[in-house]
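Student: Hi, could you walk me through this fold?

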Amino acid sequence: MRVNLRSDTVTLPSDAMRAAMASAPVGDDVYGEDPTVNSLEERVAELFGKEAGVFTPTGSLANQLAIRTLVAPGEELLAESNSHIVRAELGAAAVFSGITTRTWTAERGLLHAQDALSMAKPNSGAYLVSTTAIAVENTHNFGGGTVQSIEEIRKLHEGAQEQGLSLHLDGARIFNAHVASGISLKDYGKYFDTISVCLSKGLGAPVGSIALSTSERITKARIWRKRYGAGMRQVGILAAAGHFALDNNIARLADDHRRAQFIATKLHSVLASVVDPQHVHTNIVSLNLIDVPISASEFAVLAKEEGVLISALGPKFARIVTHLDIDDASMEYSAQTLANVLQRALVSK
Ligand SMILES: *Cc1c(COP(=O)(O)O)cnc(C)c1O
């Protein structure tokens with residue numbers, strides 16, 4: 001058996017999704033004439049209670065378009081130190097938008113509003129950098145798929161309002177947060193000025209993200225999307241996959257969460273310090289191999305020999321992600337296989 005748990009981006013479009021793509025009505029989206037793109041942008045905006053959305057090929061671009069509408073060159077965005085915007089977008093905010101960032105560090109990425117608010121320095125004048133926006137990642141990827149507390153988001157919003165700061169939500173996996181917490185997408189949406197969401201993570205589309213905000217900001221974002229070279233033409237065939245994902249793949253994220261929990265519980269039973277199942281909120285299982293005598297990459301190689309692919313993201317940090325293409329049989333196989341690898345590693349040295 002071969003089980004790919006490296007990311008929820010590895011899913012393959014199903015036959016039904018491909019059929020929906022093949023039959024989608026399309027037009028030239030640079031002219032605003034692709035009906036499937038237009039309806040997807042409107043649909044996602046409506047889901048989050050926002051005025052407008054713009055379709056992008058990647059979540060990174062959706063984040064970048066959003067934050068550049070909030071933060072002027074030379075101004076500052078605050079973000080958590082392990083957030084995707086800071087660590088995995090290759091400095092795009094600095095390179096393309098002249099945005100400077102300062103970070104706070106949070107255990108497992110969990111938001112405490114005060115961490116961000118106490119750092120903010122809006123309208124700093126001619127000496128210090130002025131803060132204009134704060135970014136929140138929900139769920140937090142490198143934090144282990146953790147769901148942010150709605151109470152902390154509410155506090156952050158209140159404090160941001162007082163200081164005149166904007167808020168951005170990196171919602172690459174906001175659908176996982178929604179399914180795990182039961183909090184509606186509109187309730188998440190109302191606290192943020194801009195939002196990015198991915199259709200290509202747990203929802204299983206091959207490509208596609210959306211940036212959401214006011215009509216005015218999205219009109220600007222559309223100009224920047226074209227300037228960055230991502231004005232696309234008959235891209236309704238991709239937007240159709242997004243519609244299909246929204247129709248079929250939201251509620252089933254609960255299965256991904258259950259399977260991640262199963263794998264975490266199995267590994268916890270071999271060595272408790274590797275993962276606390278209570279810290280697994282959604283579809284990501286972070287493994288801490290600090291008490292294991294091999295490195296994360298050695299662990300990944302041994303697992304791969306048994307057909308289970310996982311990510312080594314640090315010397316002692318590995319990540320497992322469940323998704324659409326993992327069923328109960330592959331869950332059981334990978335949990336048992338990873339448990340065996342762990343067991344062998346513990347007795348090997
Ligand atoms: C995957 C991801 C993104 C976007 O990634 P792309 O590969 O550019 O689509 C943004 N934020 C988070 C938290 C992610 O996990």
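Tutor: Happy to; let's talk about the sheet, then one strand in it.
Tutor: This is a predicted model, where local features need pLDDT of at least 70, side-chain atom pairs count only at pLDDT 80 or more, and totals for chains, interfaces and linings use all residues. Residues are numbered from 1 along each chain as its sequence is written, and side-chain values use heavy atoms, leaving out hydrogens and water.

Student: What's the strand order in the open sheet?
Tutor: The 7 strands run β2-β8-β7-β6-β5-β3-β4, with mixed pairing. Strands here are DSSP runs of E, at least two residues, and helices are runs of H or I, at least four, numbered from the N terminus; two strands pair if DSSP finds at least two bridges between them.

Student: Which strands stand at the edges?
Tutor: β2 (52-56) and β4 (100-104); each has a single partner strand, so one side of each lacks a neighbour in the sheet.

Student: Is β6 buried or exposed?
Tutor: 6 of its 6 residues are buried (under 20% relative accessible area, 1.4 Å probe, protein chains only), so β6 is largely enclosed by the rest of the structure. Ser166, His168 and Asp170 are buried on one side, and Leu167, Leu169 and Gly171 on the other.

Student: And what does β6 pair with?
Tutor: β6 (residues 166-171) runs parallel to β7 (residues 194-198) over 4 bridges, with His168 partnering Thr194. On β5, 5 bridges join to β6, also parallel, and Ala133 partners Ser166.

Definitions and conventions: Buried means under 20% relative accessible area, exposed over 50%, partly exposed in between (1.4 Å probe, protein chains only).
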